[in-house]
Amino acid sequence: MAVVLVHGVPETDAVWRPLLGELGRDDVTCLSPPGFGAPVPDGFGATYLEYRDWLIGELEQFGGPVDLVGHDWGGGHVMGVAMSRPDLARSWVTDVIGLFHPDYVWHELAQGWQQPEVGEKLVDAMVNGPVQERLSRWQGFGISREVAEGMIAGQNEEMGRCILALYRSAVQPALRELGEYLPSAAARPGLVLLATEDNVVGTDEMRRQAAARANAQVAVLDGLGHWWMAQDPARAAQVLTEFWASVPG
């Protein structure tokens, strides 16, 4: 069964490199959302609904259901598929299910991106800031220099425009309303990764409650943060492999 990994913001598929080595499989595809390591199609507005539809289109080309894994906004896109086209997935995994809880409030940086002028300044600093400072910031999150360099290589003005459009399309109550469809994701086995040090995706309680509404399992990644797949790829690979082995069929 093919595995599909979808990354988030402001990332490229470099974020998956440590995990790929630990999985040791030859049937894994990393899908880069438009603007995040992949070209932006003409007329693509980079809204969260357009990214969901982009992922649906990509998955339809596989010819059968896949084991779908999403991180950060990639996890949001995965949930969009799980709630609207569960037939495309044999199973799904996300680390951001808390975004769909009715009490979720966007984190400080996201709120900055959502504000006119403020967002543009933040994106400009991300794209044009001194490379060494940007590398140090990524490494401060427990990410290797090699992975950090791969992320920075893909950060450009096009990515910045997509970040602003995506977050501005998802000003609450957008995701809160989408969360009403969480029970639809129960059509396929799901796993919620709960990294205990990730403080931007809702509280533990919010994530567990949202997982319960989707009838999903919860795997606690104790001591890991938002970039769990780069911080401890061996543990991440073990959790994912055990989950896939438990999925019928």
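A pocket, as the word is used here, is an open set of grid points with protein on both sides within 12 Å along at least five of seven lines, and its lining residues have an atom within 4 Å of a point. The model described is a predicted one.

**Largest pocket**

Under that definition, the largest pocket is lined by 32 residues. Those nearest its centre are P10, L109, W113, F141 and W227. The pocket holds about 690 Å³ of space. Helices α4 (108-113), α5 (118-128) and α6 (131-139) each contribute at least two lining residues. Helix α6 has the largest share, with 4 residues. Sorted by class, the lining of this pocket comprises 19 nonpolar, 7 polar and 6 charged residues.

**Largest cavity**

The whole structure contains 1 cavity of 30 Å³ or more. The volume of the largest cavity is about 60 Å³. Its lining consists of Y48, L49, R52, W73, G76, H77, G80, F100, L175 and L178. Two or more of these residues come from each of α2 (48-60), α3 and α9 (174-178). Helix α3 gives the most, with 4 residues. By class, the lining of the largest cavity has 6 nonpolar, 3 polar and 1 charged.

The two spaces are set side by side below.

| Space | Volume | Nonpolar lining residues | Polar lining residues | Charged lining residues |
|---|---|---|---|---|
| Largest pocket | about 690 Å³ | 19 | 7 | 6 |
| Largest cavity | about 60 Å³ | 6 | 3 | 1 |

**Strand β4 and its partners**

Strand β4 covers residues 89-94, and 6 of its 6 residues are buried, so the strand is largely enclosed by the rest of the structure. Strand β3 (residues 66-70) pairs with β4 in the parallel sense, over 5 bridges. In this pairing D67 stands opposite S91 of β4. Strand β4 also pairs with strand β5 (residues 190-195), again in the parallel sense, over 3 bridges. Here W92 faces G190 of β5.

Helix α3 (residues 73-84) joins β3 and β4 in a right-handed β-α-β unit. This helix, already named for its 4 residues in the cavity lining, also carries W73, a member of an aromatic pair.

**Aromatic pairs**

The structure holds 11 aromatic pairs. One of them is formed by W73 and Y167, with 6.0 Å from centre to centre and 85 degrees between the planes, an edge-to-face arrangement. The pair links distant parts of the chain, since W73 lies in helix α3 and Y167 in helix α8 (residues 157-169), 94 residues apart. Both W73 and Y167 are buried.

Y167 also pairs with W106. Their ring centres are 5.2 Å apart and their planes stand at 65 degrees; the cut-off for edge-to-face is over 60, so this pair is edge-to-face. W106 is in the loop between β4 and α4, while Y167 is in helix α8, so the contact ties together parts that are 61 residues apart in sequence.

Are the two partners buried or exposed? Buried means under 20% relative accessible area. W106 has 6% relative accessibility and therefore counts as buried. Y167, with a relative accessible area of 3%, is buried because that value also falls under the cut-off.

Ring pairs link W73, Y104, W106, W113 and Y167 into a cluster. Two members of the cluster also belong to the spaces described above: W73 is in the lining of the largest cavity, and W113 is among the residues nearest the centre of the largest pocket.

Note on methods. Residues are numbered from 1 along each chain as its sequence is written. This is a predicted model: local features need pLDDT of at least 70, side-chain atom pairs count only at pLDDT 80 or more; totals for chains, interfaces and linings use all residues. Side-chain values use heavy atoms; hydrogens and water are left out. Buried means under 20% relative accessible area, exposed over 50%, partly exposed in between (1.4 Å probe, protein chains only). Two strands pair if DSSP finds at least two bridges between them. A crossover is right-handed if, with the strands pointing away from the viewer, the path from the first strand over the helix to the second runs clockwise. On a 1 Å grid over the protein atoms alone, a cavity is a set of points where a 1.4 Å probe fits but cannot get out, and a pocket is an open set with protein on both sides within 12 Å along at least five of seven lines; lining residues have an atom within 4 Å of a point. Grid points are joined across faces, edges and corners, and a volume is the space filled by probe spheres set on the points. Ala, Val, Leu, Ile, Met, Phe, Trp, Tyr, Cys and Pro count as nonpolar, Asp, Glu, Lys and Arg as charged, and the others, Gly among them, as polar. Rings of Phe, Tyr and Trp (its six-membered ring) pair if their centres lie within 6.5 Å; planes under 30 degrees apart count as stacked, over 60 as edge-to-face and the rest as tilted.
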